Amino acid sequence: MREILHVDLDAFYASCEELDYPALKGKPLVVAGRSERSIITTANYEARKFGIHSAMPIFMAKKLCDHLIIMPMRRGRYLQKSQEVFEILSSYTDIIEKVSIDESYLDMTGKNLDLKYLKAMQNNILKKSGLNVSIGLSFNKFLAKLASDWNKPRGIKIINKEEVPEILMDLDIRKIHGIGKKSEERLRNIGINKVRDLYLLNEEFLTEFFGKLGTDLYNRIRGIDEREVTVHRERKSIGTESTFTSTDNKKIIESYIEKFAGELSENLYRKNICGYTLTIKLKDENFKIRTRSRTFDTVLFERDEILKAGLNLLREFYGGEKIRLVGLTMSNLVDLYAHQITFF
Ligand code: TTP
Ligand code: MG
């Protein structure tokens, strides 16, 4: 039997703010963009008691809680913490898959994990990163994810084979990963509210209703999910560089940055990604390489934004010496499409 863990950080962005500003602990807090019209990325558990949640507009949340603390988003910081937690998790196994900024699957098959082990793991992550996670353990990905969500925050839940399908019976269909808002509404319209109701529907019906996902759902609520934990080598960075005859002509060096900004932007668009960190690289006449990076709070992908950031880095960094290579690289890459859905 496989042992799959799903680890998900609790109120992630909000917890990072509490970590960096301890005075905020225990107070209702949300993280959002800077304008009044912006929406909430996440709320801490105190704010959730007021009914405040992700994707709610700020003005609405303020109506629910007049002393709500609103913190501006600091994506660079969250990415840093995300990476930190991922590294701690990587010390437990090499078979680890990062599925979003705050969740990972780990395949720990053969380790005979128990509650005590998971508690120690949770404490270790807290001690090392200052952040709380919830951990779900089961024999497949679907159930592990369900388990990590079972009793958040600081939740630990194990779902054994014998418990399926009984344990799922009373679960609301909203809790089923894969059933989106629209499907949820359509299901409720035909009187399907709980997993117990879903069991009554046969595979053909579900396929007609959901398309290809129907079969997956039919199987998953019955404890069947063969998806592997895939260790995907994420592309870490994307960029270009050029070697040329040594020069200290600022105009020429700047023209390379300009050219690279255009190429980089085009490349990012084509691959549907964007990035938070821009790095400039210079090699001098003695072949000495120096780099300087900056991580931004919002993603870069437009040519002009990259150009401006690149020229700024150059200005701060370049001392007028003769240069034979310039490079420009974007890292901390994220999916552009997912990003737009969430933030724009
Ligand atoms: P989630 O894991 O969905 O939420 P969470 O970690 O804040 O809270 P929970 O304890 O329930 O796990 O998302 C992780 C982070 O992703 C979240 O802290 C902020 C960000 N996010 C958005 O930016 N927009 C969104 O709509 C959602 C749902 C999350
Ligand atoms: Mg989370």
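In this predicted model, ligand 1 is surrounded by 15 residues. The closest are Ala-11, Thr-42, Tyr-45, Arg-48 and Asp-102. By class, the shell around ligand 1 divides into 6 nonpolar, 4 polar and 5 charged residues.

Polar contacts to oxygen atoms of ligand 1 come from backbone and side chain. Ala-11 places a backbone N or O atom 2.8 Å from an oxygen atom of ligand 1. For Phe-12, a backbone N or O atom lies 3.0 Å from an oxygen atom of the ligand. Lys-152 contributes through its side chain: a polar atom there lies 3.0 Å from an oxygen atom of ligand 1. Taken alone, ligand 1 exposes 550 Å², and the protein buries 76% of that area.

Several elements give two or more residues to this shell. They are strand S1 (4-9), helix H1 (12-20), strand S3 (40-43), helix H2 (45-48) and helix H13 (336-343). Domain 1 (4-12 + 75-163) and domain 2 (13-71) both supply shell residues, so ligand 1 lies between them.

The model also holds a magnesium ion, ligand 2. Its protein ligands are Asp-8 (OD), Leu-9 (O) and Asp-102 (OD), at 2.0 to 2.2 Å. Along the chain, the donors follow the spacing D-L-x92-D. Asp-8 sits in strand S1, whereas Asp-102 sits in the loop between strand S5 (96-100) and strand S6 (103-107). The pair therefore ties together parts that are 94 residues apart in sequence. Around the ion, 6 donor atoms subtend angles of 78 to 176°, which makes the arrangement octahedral. Asp-102 also appears among the closest residues to ligand 1.

Backbone geometry shows some further features. Ala-11 has a positive phi of about 35° although it is not a glycine. This residue is placed in the loop between S1 and H1. Ala-11 is also the residue whose backbone N or O atom lies 2.8 Å from an oxygen atom of ligand 1.

Two peptide bonds preceding proline are cis. One runs from Lys-152 to Pro-153, with omega near -10°. Pro-153 lies in the loop between helix H6 (141-148) and strand S8 (156-158). Lys-152, on the other side of this bond, is the residue with a polar side-chain atom 3.0 Å from an oxygen atom of ligand 1. The other cis bond joins Val-164 to Pro-165, with omega near 10°. Pro-165 is located in the loop between S8 and helix H7 (181-189).

Terms used
Residues numbered from 1 in each chain as written. Chains lettered and ligands numbered in written order. Predicted model: local features only at pLDDT ≥ 70, side-chain atom pairs only at ≥ 80, totals over all residues. Heavy atoms only, no water. Near = heavy atom within 4 Å. Polar contact = N/O pair within 3.5 Å; in protein donor to acceptor, adjacent residues only side chain to side chain. Areas by Shrake-Rupley, 256 points an atom, 1.4 Å probe, with all protein chains shown as cover. Helix = DSSP H or I, 4+ residues; strand = E, 2+ residues; numbered from the N terminus. Nonpolar A, V, L, I, M, F, W, Y, C, P; charged D, E, K, R; others polar. Domains from an automatic or database assignment. Donors = N, O, S within 2.8 Å, 3.2 Å for Na, K, Ca; no water. Tetrahedral: all angles 85-135°; square planar, octahedral: opposite > 155°, others 65-115°.
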